[in-house]
Amino acid sequence: MPDSASKEQAQSLLHSPVTLGALRLPNRVLMAPLTRMRADAARVPTPMVAEYYAQRAGAGLVIAEATSVSPRGHGYPNTPGIHTDAQQAGWNAVTDAVHAAGGRIFLQLWHVGRISHSSHQPDGGAPVSSSAVKAKGRVVTADYKQEDLPVPRPLELHEIPGVVAEYEAGARRAKAAGFDGVEIHNANGYLLDQFLRDGVNQRTDRYGGSLENRVRLCLEVAEAVTGVWGADRVGIRLSPSGTSNDMRDSNPREVFSYLLRELSRFGLAYAHVTQATEDDLKRGSPGIPVADFRPHFKGPMISAGGFTRETGEQALREGWLDAVVYGQLFISNPDLPERFALGAPLTEPDKKTYYTPGPHGYTDYPRHQA
Ligand SMILES: Cc1cc2nc3c(=O)[nH]c(=O)nc-3n(C[C@H](O)[C@H](O)[C@H](O)COP(=O)(O)O)c2cc1C
């Protein structure tokens with residue numbers, strides 16, 4: 001590395017080590033969970049997926065894409081699962097490749113809830129949610145057709161322990177597959193968000209109504225998953241200002257502050273609280289600054305959402321983040337931490353290839369050539 005780059009790196013907080021729970025990370029440039037729809041038909045990550053993640057192993061931590069814990073938790077074609085032996089073996093090849101390249105990798109545990117379609121459901125029925133409230137928007141069916149999202153079926157009270165058990169089983173399989181930890185996906189309008197927010201949750205039982213009731217499922221999942229891993233290898237993702245998947249709440253500031261206070265007792269590796277994106281703001285997001293949530297959580301806080309090297313560095317300097325999570329920049333810059341260190345030019349990602357099959361726009365972005 002040239003002298004000027006090593007000097008720049010020495011002053012950069014993004015390139016300083018940090019401890020998140022049980023993990024010591026060599027830098028604070030983390031890779032966001034990114035759905036890329038390149039698993040095979042059995043929802044198994046292929047060798048190409050292992051190559052993609054290994055290329056990005058220079059991240060302080062790779063947070064692998066949203067991965068469904070059960071057959072009912074799927075809502076898109078070719079997204080991976082972690083509920084069969086073959087999926088576990090596929091992920092094992094991914095974690096081996098990332099570790100061989102010197103990296104660390106978490107798996108994001110996912111259940112889409114109502115953001116699904118009968119073609120993705122094991123019984124061909126309606127997807128499940130907290131309540132029978134349909135999301136506005138379209139879904140991609142198993143054969144890649146676009147349809148309106150369906151009206152979901154509310155989970156019966158007696159089914160809820162089974163859903164918690166699915167997260168627990170996913171956590172166990174992730175451990176057996178060699179991950180360094182897991183991130184609970186409570187963001188972006190998927191199942192846990194559908195219980196948390198009153199824009200969807202209309203239940204009148206112990207999972208609906210009061211704040212205490214609406215956070216119950218999330219806390220039960222956190223209890224189950226930390227029971228498998230130990231809390232210091234479990235993170236959680238929340239999107240208080242997120243509007244994806246037709247998500248809304250009458251008082252997100254209160255809901256997410258309360259949830260973060262409740263989560264504080266676990267001693268989690270981190271809370272991953274996303275910022276409003278430009279799309280969120282266009283859709284009327286309250287755009288609550290992530291820094292406002294900082295006082296409510298005891299433990300490391302990380303965030304994603306439009307960060308650049310400069311704004312990431314600034315957040316670390318101001319002290320409201322412990323590490324910065326980059327999404328789209330990691331798609332097109334596999335060596336992002338190194339490019340930041342060198343002040344090297346960044347490659348723009350091609351949005352058209354985010355969800356297409358094959359290596360183009362996936363494993364064919366080159367590293368920086370000095
Ligand atoms: C192609 C794509 C796939 C995504 N997949 C996921 C996902 O699997 N899980 C998740 O929590 N967020 C997902 N997101 C959101 C990103 O993790 C991230 O929060 C968002 O892209 C904003 O960060 P950025 O501006 O650095 O890209 C996805 C975003 C994109 C663009």
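This passage walks through how some of the helices pack, what sits in the nonpolar cores, and a few single residues worth a look. The structure is a predicted model, and residues are numbered from 1 along the chain.

A good place to start is the nonpolar interior. The largest nonpolar core has 83 residues, and Y53, V225, L263 and Y326 are the ones that touch the most other members. The biggest contribution comes from helix 7, residues 216-229, which puts 9 residues into this core. Apart from it there is another core, this one of 15 residues, including L61, I63, Y270 and A323.

V225 deserves a second glance. Setting aside neighbours within four places in sequence, V225 touches L109, Y167, A171, V182, I184 and V234. Two of these partners, Y167 and A171, also turn up in the list of helix 4 residues that meet helix 7, which brings the story to how that pair of helices packs.

Helix 4 and helix 7 have axes 9 Å apart and pack at an angle of about 30 degrees. Angles under 35 degrees count as roughly parallel, and therefore helix 4 and helix 7 are described as roughly parallel to each other. Their crossing is right-handed. On the helix 4 side the residues involved are I160, V164, Y167, E168, A171, R172, A174 and K175, and they meet L217, E220, V221, A224, V225, V228 and W229 of helix 7. Sorted by class, this contact has 11 nonpolar residues, 4 charged ones and no polar ones. As a general point, an α-helix has 3.6 residues a turn, so residues three or four places apart point the same way.

One of the helix 4 residues in that contact, R172, can be followed a little further. R172 belongs to helix 4, which covers residues 160-176. With a relative accessible area of 48%, R172 is partly exposed, because that class takes in what falls between under 20% for buried and over 50% for exposed. R172 and V225 sit 53 residues apart along the chain, yet a separation of 8.3 Å is found between their C-alpha atoms.

Helix 7 has a further partner in helix 8, which spans residues 252-263. Here the axes come within 11 Å and cross at roughly 25 degrees, and helix 7 and helix 8 are therefore roughly parallel to each other. This crossing, too, is right-handed. C218, L219 and A222 of helix 7 make the contact with L259, E262 and L263 of helix 8. By class, that comes to 5 nonpolar residues, 1 charged residue and no polar ones. L263 has already been met, as one of the residues touching the most other members of the largest nonpolar core.

The next pair is helix 2 and helix 3. Their axes lie 8 Å apart, and the packing angle is about 30 degrees. That makes helix 2 roughly parallel to helix 3. Helix 2 passes helix 3 in a right-handed crossing. V49, A50, Y53 and A54 come from helix 2, while helix 3 supplies W91, A93, V94, A97 and V98. The contact is made up of 9 nonpolar residues, with no polar and no charged ones.

Helix 2 itself, residues 47-55, has a good number of residues tucked away: M48, V49, A50, Y52, Y53 and Q55 are buried. Their cover includes helix 3 (85-100), along with strand 3 (29-31), strand 4 (62-68) and strand 5 (105-110). Y53 therefore appears in several roles, being buried in helix 2, part of the contact with helix 3 and among the residues touching the most other members of the largest core.Two loop residues have unusual-looking backbone entries. R43, in the loop between strand 3 and helix 2, has a positive phi of about 65 degrees although it is not a glycine. R43 is buried, with a relative accessible area of 14%. N245 is found in the loop between strand 11 (234-238) and helix 8, and its phi is near 60 degrees, again a positive value in a residue other than glycine.

Last comes L281, placed in helix 9, residues 278-282. At 48% relative accessibility, L281 counts as partly exposed. Beyond its neighbours within four places in sequence, L281 is in contact with A276 and G287. From C-alpha to C-alpha, L281 and P26 are 33 Å apart in space, and 255 residues apart in sequence.

Note on methods. Predicted model: local features only at pLDDT ≥ 70, side-chain atom pairs only at ≥ 80, totals over all residues. Heavy atoms only, no water. Helix = DSSP H or I, 4+ residues; strand = E, 2+ residues; numbered from the N terminus. Buried < 20%, exposed > 50% of the residue type's maximum accessible area, 1.4 Å probe, protein only. Contact = heavy atoms within 4.5 Å. Axes fitted to C-alpha atoms, helices over the stretch in contact; angles between N-to-C directions. Parallel < 35°, antiparallel > 145°, perpendicular 65-115°, else oblique. Left-handed = near helix turned anticlockwise from the far one by under 90°. Nonpolar A, V, L, I, M, F, W, Y, C, P; charged D, E, K, R; others polar. Core = buried A, V, L, I, M, F, W, Y, C linked by side-chain atoms within 4.5 Å.
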